Amino acid sequence: MIRTARRIIGACGGAGGFLGACLMLVLIGDAILAPWVAPYDPLKVDMISALQPPDAMHWFGTDQSGRDVLSRVIWGGRASLQVSALAVIIGCFGGVTLGLAAGFFSGGWLEQALMRVLDAMASIPLLIWAIALVGILGVGPVRIAGLTFGNEVKLLALLGVLYMPNLARITYTTALSESRANYVAARRLQGVSGLRIMLSDVLPNCLSPVIVQATLLLAIGIVIESSVSFVGLGVQPPQPSWGNMLADARNYLFSGEWWMSVFPGACISLSVIAINLLGDGLRDVLDPRHRTSTVAA
Amino acid sequence: MKTDAAAQMTLHDVRKTYRLRRGLFDRLRGRVKDVNAVDGVSLPIRRGAILGLVGESGCGKSTLARMIVGLTPASGGDILWGGKRLRDLHGAAWREYRSGVQMVFQDTHSSLNPRKRIRTILGEALAAHGVPRAGRQERIIALLRQVGIDPVFLGRYPHELSGGQRQRIGIARALAMEPSLLVADEPVSSLDVSLQGQIINLLRELNASLGLTIVLISHDLAVVARVCDQVAVMYGGRIVEIGDPGTVLSAPSHPYTQALLDAVPRGLQRRARKVLPVETGDDPAGCRFQRRCAHAFATCREQSPALLAVSADHAAACHMRQPVKREQVPEVTA
Amino acid sequence: MTGGTTVATTVPLLHIEGLHVGFRNGDAVRHVVRGVDLRLEAGEVVGLVGESGSGKSITALSVMRLLPPGASITSGRISFRGQDMLDLGHAELNRLRGGAIGMIFQDPLTALNPAIPVGRQLTDAIRAHQPLGPRAARDRAKELLALVGIPFPQERLRAYPHELSGGMRQRVMIALAVSSNPSLLIADEPTTALDVTVQAQVMDLIDRIRREFNIAVLFISHNLELVAEIADRVTVMYAGRAVESGDVHALFASPAHPYTRQLIRCIPRLDGTSGAMATIPGLPPIIGALPPGCPFAPRCEAAEPQCSQDEPPMRWRGKHMAACYLAPS
């Protein structure tokens with residue numbers, strides 16, 4: 001038992017990583033299972049039981065419209081994590097592709113062109129553009145190919161694009177040095193095509209720092225989403241998100257209804273801490289030198 | 001252009017020039033500097049022989065190695081494989097060259113992919129060589145036997161092996177391609193003394209049992225002297241002396257070869273070691289070695305010496321060895 | 001061969017006794033150094049020879065308490081001029097590092113700051129240990145560069161480390177190490193990354209400097225031949241232990257430990273012989289998984305049954321030690 005526990009903790013990169021992984025598991029689990037886990041409908045208004053402090057019925061209390069704060073926190077987490085995770089996925093896909101190509105085909109025009117594009121992208125101030133874009137396009141829902149998406153789609157697409165230069169730079173640096181390693185030369189001597197070497201040999205060796213950075217960006221994404229929703233340009237009410245819940249709680253900060261701000265606020269902090277702990281743990285775990293084969297030495 | 005029937009590969013006036021990247025101002029003024037890493041090397045690599053390539057770092061021996069295996073294109077001259085220039089090889093001839101010329105690297109850490117198990121590293125080499133999946137496992141085990149590694153290591157990652165073991169895997173990976181020419185770039189300089197002999201002996205055995213032609217690059221004269229059939233000493237991108245190791249190392253004809261020999265640690269005979277003057281960094285007109293040479297005279301500062309025969313199987317590029325007949329003799333034939 | 005020392009010889013310059021260094025891994029401690037004794041008199045050169053993983057570098061780093069993360073000294077004593085090194089606080093240690101004890105490493109590029117010209121690095125080091133003004137420190141730096149045989153020292157003061165060749169960088173490292181007039185120089189594989197010709201130059205330089213300033217040198221290398229060139233005494237290490245130590249001439253002429261004997265045979269020589277090279281069969285043992293008995297027994301040409309039962313004790317004959325059952329005592 002103890003040995004199994006130790007192995008699991010080891011796989012998360014130590015106690016910190018393990019704690020982060022546990023917290024993340026709870027947060028992600030809640031977000032995915034929101035329809036089943038949340039005790040109430042997060043949108044159901046019940047003016048009679050408005051601004052109730054936490055009790056047995058409403059663990060986290062109710063807000064100014066009598067909506068259950070616990071249910072709104074769970075659904076809000078779903079929105080926050082969704083935006084942040086999708087943005088990171090978009091960023092990774094684009095960033096890794098650009099960085100890998102620039103690093104592997106270094107010394108040519110492709111490298112120069114890609115790096116200049118990335119420099120231009122990196123010079124865009126992140127938050128200002130997010131706000132400006134929503135300001136221009138408005139906060140209404142978006143229709144793409146007959147499907148309707150919430151306002152947050154704009155935010156996550158933009159975040160994804162804005163993450164790209166950062167992730168591309170990280171991939172580029174590693175890809176550059178990995179491409180010069182002799183195992184790549186050995187594959188060339190086997191007559192394997194450049195594209196194949198890039199994908200099957202160089203790419204896997206570039207991913208560890210990207211994964212670590214992606215977890216950190218995930219945390220940043222949650223903060224950005226909350227901030228943008230807080231100023232009313234992200235997830236639109238009545239849909240809950242941690243950010244717009246805080247915005248609602250603004251008016252009740254000094255009148256004693258602490259639960260309205262403390263719970264969503266704590267969730268933001270907790271998830272950021274959890275993700276960072278996990279990121280630090282992953283950094284250690286993903287080092288290939290920590291890998292051992294299953295064969296006993 | 002003559003090719004030697006006994007030659008596996010022939011290098012003819014092979015050159016590699018790198019353009020030094022300088023600051024924007026220098027480029028605007030058109031001030032660019034070219035560095036000749038390899039500056040006209042002509043040499044037949046004899047079939048089934050071990051050729052030793054000796055020189056200091058920066059002498060161009062590693063660049064030459066990368067041109068031989070085709071990792072770096074030559075900027076001038078020709079490399080002939082099977083009588084054809086490398087750049088004229090196509091289709092089947094190209095594939096025959098590609099698998100036929102393999103390399104063993106100095107740094108055993110970076111030469112194996114850290115994320116792949118030994119089984120995968122050897123398996124993908126066999127796959128690239130066209131060995132069908134069914135026969136691979138058997139072939140992998142045969143390769144491991146050949147390089148003296150126990151098959152229990154198949155499931156291990158490279159970092160779980162010692163330096164000597166990793167170097168053996170590097171050799172096995174090259175052998176998977178069934179090469180006829182193996183270039184070993186400082187294969188033992190990162191290994192402990194007690195293990196160096198094991199790897200060198202392995203290369204010797206492969207040469208004897210498979211008839212594998214080997215180009216052994218090393219800065220260790222003693223190793224080269226022991227196992228090579230022919231030794232070429234490089235300085236400043238050129239071959240300054242070439243011949244059979246017995247002659248070259250016992251009666252060197254080039255002052256640089258002598259200096260290399262003098263610099264070898266002599267253990268308790270401390271005074272026997274002589275010290276060459278410090279390198280100056282620039283390459284002067286005439287003989288590259290002139291600034292560090294104790295014997296340099298006027299001609300050395302004006303003309304670059306050609307590689308001329310000293311005896312039947314021995315040539316040196318030094319003005320002190322002015323030959324009787326002034327004909328070009330870059331043919332150091334077998 | 002010891003330099004002219006007037007200090008009473010009862011207190012050695014550097015004295016290491018029963019040093020154990022271990023890496024902590026969970027609850028287990030893997031010992032990489034298992035009871036090493038070493039004694040260095042003022043002005044003396046002692047060679048520490050061994051393969052990678054033998055614990056030679058860790059032993060040297062212990063002196064400066066510069067151990068890699070996870071490693072710690074578990075027992076033993078290290079004293080410098082009679083002062084216990086393991087009791088020193090950070091400030092006192094820092095005064096010794098780069099002060100009375102200088103160090104040079106295998107790779108000078110990582111030991112020098114790439115962003116600062118070598119002249120600045122030298123003057124900073126000089127002024128950290130000596131009360132000199134900027135101008136005087138600069139003059140001293142120039143003097144030092146000239147001392148270590150760097151041509152055009154005035155110009156080279158402005159050079160960045162990457163602008164110098166490997167040999168030149170190692171010369172700068174030596175200049176840094178001697179800038180504070182040390183009485184001990186720890187040289188950890190200082191020539192391993194260099195070409196033979198440059199290696200000869202650097203060896204020459206170290207030998208000249210240490211004679212000129214009467215500096216004791218702890219010279220660490222895997223190359224026995226190189227160590228023999230400079231050392232007065234040699235300690236050979238295997239699997240974390242000193243297996244043989246003694247006067248360099250005696251050790252080469254009549255090695256008492258089979259490991260030393262086999263190691264000497266492995267050195268490739270330019271004696272005109274060709275054919276297979278001498279080797280030591282097998283591999284060095286893995287630290288933490290040592291075989292029972294003598295760790296060298298599985299590779300030893302002279303091993304006897306008792307060798308794989310108990311680790312042999314150190315046997316002394318005069319000042320020559322060998323940890324082998326077969327050694328004469």
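**Helix packing, pockets and cavities in a predicted model**

Let's start in chain C. Helix α4, residues 118–129, packs against helix α5, residues 134–147. The angle is about 115°, and the axes lie 9 Å apart. The crossing of α4(C) and α5(C) is right-handed. Who makes the contact? From α4(C) we have C:Leu122, C:Thr123, C:Ile126 and C:Arg127. From α5(C) come C:Pro134, C:Ala137, C:Arg138, C:Arg140, C:Ala141, C:Leu144 and C:Leu145. By class, the α4(C)–α5(C) contact counts seven nonpolar residues, one polar and three charged.

One caution before I go on. This is a predicted model.

Now chain A. The chain has eleven helices and two strands. Read from the N terminus, the order is α-α-α-α-α-α-β-β-α-α-α-α-α. So much for the order; now the extent. Along its principal axes, the C-alpha trace of chain A spans about 75 × 55 × 35 Å.

Two helix pairs in this chain share α5(A). Take α4(A) with α5(A) to begin with. Those two pack at about 145°, with axes 8 Å apart. Their crossing is left-handed. On the α4(A) side, the contact residues are A:Leu98, A:Ala101 and A:Ala102. On the α5(A) side, they are A:Leu110, A:Glu111, A:Leu114, A:Met115 and A:Leu118. Seven residues of that contact are nonpolar, none is polar, and one is charged.

Next, α5(A) with α7(A). Here α5 covers residues 109–122 and α7 covers residues 152–179. Their axes come within 8 Å and cross at roughly 140°. The two helices are therefore oblique to each other. This crossing, too, is left-handed. Helix α5(A) brings A:Glu111, A:Met115, A:Leu118, A:Asp119, A:Met121 and A:Ala122 to the contact. Helix α7(A) answers with A:Val161, A:Met164, A:Pro165, A:Ala168, A:Arg169, A:Tyr172 and A:Leu176. The class count for α5(A) with α7(A) is ten nonpolar, no polar and three charged. Look at A:Glu111, A:Met115 and A:Leu118 on screen. They appear in the contact with α4(A), and they appear again in the contact with α7(A).

On to the open space. The second largest pocket has a volume of about 500 Å³. Which residues sit closest to its centre? Of the 17 that line the pocket, those are A:Ser179, A:Arg180, B:Arg66, B:Leu71 and B:Thr72. Three helices each supply at least two lining residues: α4 (69–104) and α8 (182–189) of chain A, and α2 (61–69) of chain B. Helix α8(A) gives the largest share of the lining, four residues. By class, the lining of this pocket has eight nonpolar, six polar and three charged residues.

Now the enclosed space. How many cavities of 30 Å³ or more does the structure hold? Nine. The largest cavity contains about 90 Å³. Its lining is made of 14 residues. Nearest its centre are B:Pro255, B:Cys287, B:Cys293, B:Cys300 and B:Cys318. Ten residues of the largest cavity's lining are nonpolar, four are polar, and none is charged. Set that beside the second largest pocket, where three lining residues are charged.

Last, two backbone details. In chain A, the peptide bond from A:Pro237 to A:Pro238 is cis, with omega near 10°. Where is A:Pro238? In the loop between α9 (194–230) and α10 (242–249) of chain A. In chain B, look at B:Glu178. Its phi is near 50°. That is a positive value in a residue other than glycine. B:Glu178 lies in a loop as well, between α6 (163–176) and β7 (181–185) of chain B.

To recap the helix pairs. The crossing in chain C, α4(C) with α5(C), is right-handed. In chain A, α4(A) with α5(A) is left-handed, and α5(A) with α7(A) is left-handed. That's the tour.

Methods
Residues are numbered from 1 along each chain as its sequence is written. Chains are lettered from A and ligands numbered from 1 in the order in which they are written. This is a predicted model: local features need pLDDT of at least 70, side-chain atom pairs count only at pLDDT 80 or more; totals for chains, interfaces and linings use all residues. Side-chain values use heavy atoms; hydrogens and water are left out. Axes are lines fitted to C-alpha atoms, for helices over the stretch in contact, and angles run from 0 to 180 degrees between N-to-C directions. Angles under 35 degrees count as roughly parallel, over 145 as roughly antiparallel, 65 to 115 as roughly perpendicular and the rest as oblique. A crossing is left-handed if the near helix is turned anticlockwise from the far one by less than a right angle, and right-handed if clockwise. Contact means heavy atoms within 4.5 Å. Ala, Val, Leu, Ile, Met, Phe, Trp, Tyr, Cys and Pro count as nonpolar, Asp, Glu, Lys and Arg as charged, and the others, Gly among them, as polar. On a 1 Å grid over the protein atoms alone, a cavity is a set of points where a 1.4 Å probe fits but cannot get out, and a pocket is an open set with protein on both sides within 12 Å along at least five of seven lines; lining residues have an atom within 4 Å of a point. Grid points are joined across faces, edges and corners, and a volume is the space filled by probe spheres set on the points.
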